Amino acid sequence: MHLVDLINRCAVRGESNSAIVTGPHGSGKTMLVSSVLREIESNPKVSKNLLIIRLNGLLQTDDKIAIQEITRQLQLDNVVGDKVFGSFAENLAFLLEALKRGSDTAQSVLFILEEFDLFAHHKNQTLLYNLFDICQSAQTPIAVIGVTRRLDVVELLEKRVKSRFSHRHIHVFNSLAFPAYKEVCKRVLTLPAEVGDAKFVKRWNQDIEALCSNATVHDVLKKTYQLDKSICRLQSLLLLPICKVTEDHPAIEAVDLVESSKHLGADSKAAMLHGISVLQLALVIAMKHLTDLYEGDPFNFEMLYNEYLKFVQRKAHVVQSFEKPVVLKAFEHLVSLEIVKPVDGHGSRTQKEYRAMSLLVTSAQLMDVLNTYPGCPSELKHWASNPLPS
């Protein structure tokens with residue numbers, strides 16, 4: 001296996017290297033890395049000469065937090081003390097130098113970067129640059145393993161970072177067939193023989209056997225499988241039915257899985273739209289028309305406000321008009337709800353009224369919400385279906 005070989009060479013021969021493990025959500029990227037580490041740790045020759053540092057882009061949101069976490073995991077807090085470093089590179093070099101065991105040989109370090117793509121958004125990509133730079137030089141034997149679901153992650157790297165990356169990619173895809181997926185479901189729900197009361201375990205496992213043979217359950221599992229083959233999704237589906245098991249409801253029934261499937265399939269964006277004001281709903285409709293008009297190209301608040309004004313002026317007798325600052329505040333709330341988001345690469349320094357934005361709600365979602373929104377003005381429904389003439 002490529003990963004095992006890469007880490008072995010780092011720990012035994014002192015070869016520095018880097019690789020990125022990519023694949024869709026739930027395809028087994030983290031499980032692959034964990035199984036490789038278990039195999040590595042079972043070999044004393046390798047494990048005694050390898051330190052493992054785990055970082056996560058969701059937790060270490062900037063380089064300062066990242067270096068603090070590296071220091072903590074290397075157990076060098078006392079060595080660093082109150083020292084002040086001029087740069088991130090100096091700090092990292094000091095930590096790696098401190099690992100040397102009184103000789104010229106340094107202990108190998110394996111860096112595992114979960115949510116690797118988020119580290120690319122750090123200022124100047126300093127962490128990635130320094131790690132890959134050490135890989136290229138002969139300073140300290142390190143291996144850097146990135147884990148991400150973004151296949152285009154290399155395109156996020158700056159030129160100086162990209163040039164130091166080894167460009168080793170390991171792609172992981174979920175190839176689980178439906179019969180195996182169904183078998184996993186049965187195995188997850190089945191109780192081992194040594195758990196508690198033998199009679200209860202036997203009765204429970206018989207109920208699970210019958211449940212997995214049920215046609216309704218087969219259809220629910222098939223639908224879930226077609227949407228998402230990941231085991232994570234399957235576990236989410238089974239969580240609610242398991243939580244419902246009580247003394248009065250001692251077994252999982254097919255109807256429990258049906259309810260859980262509906263709960264999982266609920267449209268979170270549509271649910272969020274039901275909680276916004278009529279003004280915000282009008283803004284979402286205006287965004288929809290701008291998105292359709294410009295064939296998916298970004299829009300800004302000024303364009304949106306002009307579209308809103310056109311509607312208000314034509315329907316002044318039925319729709320309340322709001323001042324521009326009020327409309328801007330309503331728009332900012334939609335941004336905070338992630339119904340609309342700034343477009344990457346269009347500069348955060350741009351004045352907020354002119355910042356390029358894109359809508360994250362589809363036309364189908366919007367129309368469903370308008371049909372069920374309590375007290376929705378009929379003029380809004382009509383406007384959503386019929387854009388105003390220019």
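I looked up the sheet first in this predicted model, and found an open sheet of 5 strands in the order β2-β3-β4-β1-β5 with parallel pairing (two strands pair if DSSP finds at least two bridges between them; strands, E, of at least two residues and helices, H or I, of at least four are DSSP runs numbered from the N terminus). I noted that β2 (50–56) and β5 (169–171) stand at the edges with a single partner strand each, so one side of each has no neighbour in the sheet. Between β1 (residues 17–22) and β4, which run parallel, I found 6 bridges, and Ser-18 stands opposite Val-144 in β4.

On provenance, I note that residues are numbered from 1 along each chain as its sequence is written. Local features need pLDDT of at least 70 and side-chain atom pairs pLDDT 80 or more, while totals for chains, interfaces and linings use all residues, and side-chain values use heavy atoms, with hydrogens and water left out.

Next I looked up a helix pair: α12 (residues 215–227) and α13 pack at an angle of about 145 degrees, with their axes 10 Å apart (axes are lines fitted to C-alpha atoms, for helices over the stretch in contact, and angles run from 0 to 180 degrees between N-to-C directions). In this pair, Val-220, Leu-221, Thr-224 and Leu-227 of α12 meet Arg-233, Leu-234 and Leu-237 of α13, where contact means heavy atoms within 4.5 Å.

Last, I asked which helices lie on the sheet strands, and recorded that α8 (residues 126–136) lies across β1, β2, β3 (108–114) and β4, running at about 135 degrees to β4.
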